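Visitor: Please choose one part of this model and give me a close look at it. After that, take me on to other parts of the chain.

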Amino acid sequence: MLDVTVVLLEDGFSSTAVMPIEIFDSAGKLWNALHDHPAQPAFRVRTVSLDGGAVRSAHGLGVVPHAAMESVERTDLVIVSTSSLDLDLAFVANSALLPWLRRQYEAGALVVGVCMGAAYLAEAGLLDGRTATTHWALSDKFAARYPKVNWRPDLFITEDNRLLCSGGVCASIDVSLYLVEKLCGHEIAVQCAKSLLLPMPRIHQSGYAMQTVAQSHGDERIRGVEAYLQSNFHNDISTQDLASRAGLGERTFVRHFKAATGQLPAGYVQALRIQAAKAMLERDAKPVQAISTDVGYDDVAFFRSLFKRIVKMTPSEYRANFAPLNVRSQTELEASQLN
């Protein structure tokens, strides 16, 4: 089992801690219990506060942790929940959290900042040069305070070199299920979501773009090209155009891009398009032909073939598995049966 440590902070939204606790604790257990199968827990979940004492949420709910933060020497996954919106006061009150986060990250832990909890990762210096997200209403304030971070408030989830962030309170659900799938596999994640009656994770707030997680790198020219592609992947863009944006010759650009991202430009764009198509299939009811066009493929047959090769299911199969259920009234159901 993997160790998950959820950090409880004063004056925050308790759901940003409770939902991760319940999702990780349910993985491998709740689905099995509902089907009379032996439990196979995937995670060992514990909660901590700075001093081990009870924490009171912004809405007056008291939560008692398992232990004090410093009692946890090593964990596989850290979840930082929200705290007070007054960051200056919150950082003073929770100053001991910052070096502890750095130690856990340096020891190999995945570190997650839920909603404004991402501020603690940024304040600890972990997000410098990384991509991150937070609640849309906080993004401008965070961008001014932490200019070295590539803030993407359009995304529900970001992942960059073992550092994950989620945007908004309910995105604690998204990032938790995302990590269940990443760490335990697709089947366990779907079982967990179904048993809790939750949709699979949302990645992009608009559903029309997606953050592709490339390997961490420090090539600012290539980072600029990546940011451009993430907003314009649906257009036809030549390698020569991208090279010009980076201020490099075409061959040199391709070499630098591959070294930085681990992919050739065409493969990177392809990944962005497929991820965007997945998000649209999860959220939208529009025909597959329209989705194919929206992500940049006019040839729907080619799109279907490419999607199946990469995702291992057709677009229609993917939608059937991951789109929200359409709950209809009894009248609508009876009318459809008559038709």
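Guide: A helix here is a DSSP run of H or I, at least four residues long, and helices are numbered from the N terminus. Keep in mind that this is a predicted model.

Our close look goes to helix α14, residues 300-311. Start with its length. The helix has 12 residues, and at 1.5 Å a residue they should span 16 Å. The C-alpha atoms at its two ends are 16 Å apart, so the expected span and the model agree.

Next, its two sides. Buried means under 20% relative accessible area, and exposed means over 50%. In α14, the buried residues are Val300, Phe303, Leu306, Phe307 and Val311. Look down the helix axis: these buried residues fall within an arc of 120°, so they line one face of α14. Now turn to the face that points away from the buried side. There you find Ala301 and Arg309, which are exposed. What lies over the buried residues? The cover includes three other helices: α12 (265-283), α13 (288-294) and α15 (315-322).

Now the two ends. At the start of α14, Asp299 offers a side-chain oxygen. This oxygen comes within 3.1 Å of the backbone nitrogen of Ala301. After α14 comes Lys312, and its phi is positive, near 75°. Most residues other than glycine have a negative phi.

Lys312 leads us to two loop residues. Asp36 has a positive phi too, near 55°, and Asp36 is not a glycine. It sits in the loop between α2 and β2 (43-49). Asp36 has a relative accessible area of 73%, so it counts as exposed. Leu197 also has a positive phi near 55° without being a glycine. Its loop lies between α8 (186-195) and α9 (220-232). With a relative accessible area of 76%, Leu197 is exposed.

Helix α2 deserves a stop. It covers residues 30-34, and Leu30 belongs to it. Leu30 is partly exposed, because its relative accessibility is 27%. Leaving aside residues up to four places away in sequence, Leu30 touches Ser195 and Leu196. Leu30 and Leu87 are 57 residues apart in sequence. In space, their C-alpha atoms are 37 Å apart.

On to a strand. In β6, residues 77-80, Leu77 and Ile79 point one way, while Val78 and Val80 point the other way. All of these residues are buried. Strand β6 has parallel partners. One is β1 (residues 2-7), paired with β6 over four bridges. Here Val4 stands opposite Leu77. Another is β7 (residues 110-114), which runs parallel to β6 and is joined to it by four bridges. In that pairing, Val80 has Gly113 as its bridge partner.

Last, how confident is the predictor? The chain averages a pLDDT of 88, and 91% of the residues score at least 70. Among the elements, β6 has the highest mean pLDDT, 98, and helix α16 (residues 330-338) has the lowest, 50. Over residues 204-213, the pLDDT is below 50. That stretch still has 39 contacts in the model beyond near neighbours in sequence. Where pLDDT is low, the predicted coordinates should not be read in detail.

Conventions
Residues are numbered from 1 along each chain as its sequence is written. This is a predicted model: local features need pLDDT of at least 70, side-chain atom pairs count only at pLDDT 80 or more; totals for chains, interfaces and linings use all residues. Side-chain values use heavy atoms; hydrogens and water are left out. Buried means under 20% relative accessible area, exposed over 50%, partly exposed in between (1.4 Å probe, protein chains only). Contact means heavy atoms within 4.5 Å. The expected span of a helix is 1.5 Å times one less than its number of residues. The arc is that of the directions from the helix axis to the C-beta atoms. A polar contact is a pair of N or O atoms within 3.5 Å; within protein, one must be able to donate a hydrogen and the other to accept it, and residues adjacent in sequence count only if both atoms are side-chain atoms. Two strands pair if DSSP finds at least two bridges between them. pLDDT is the predictor's confidence in each residue, from 0 to 100.
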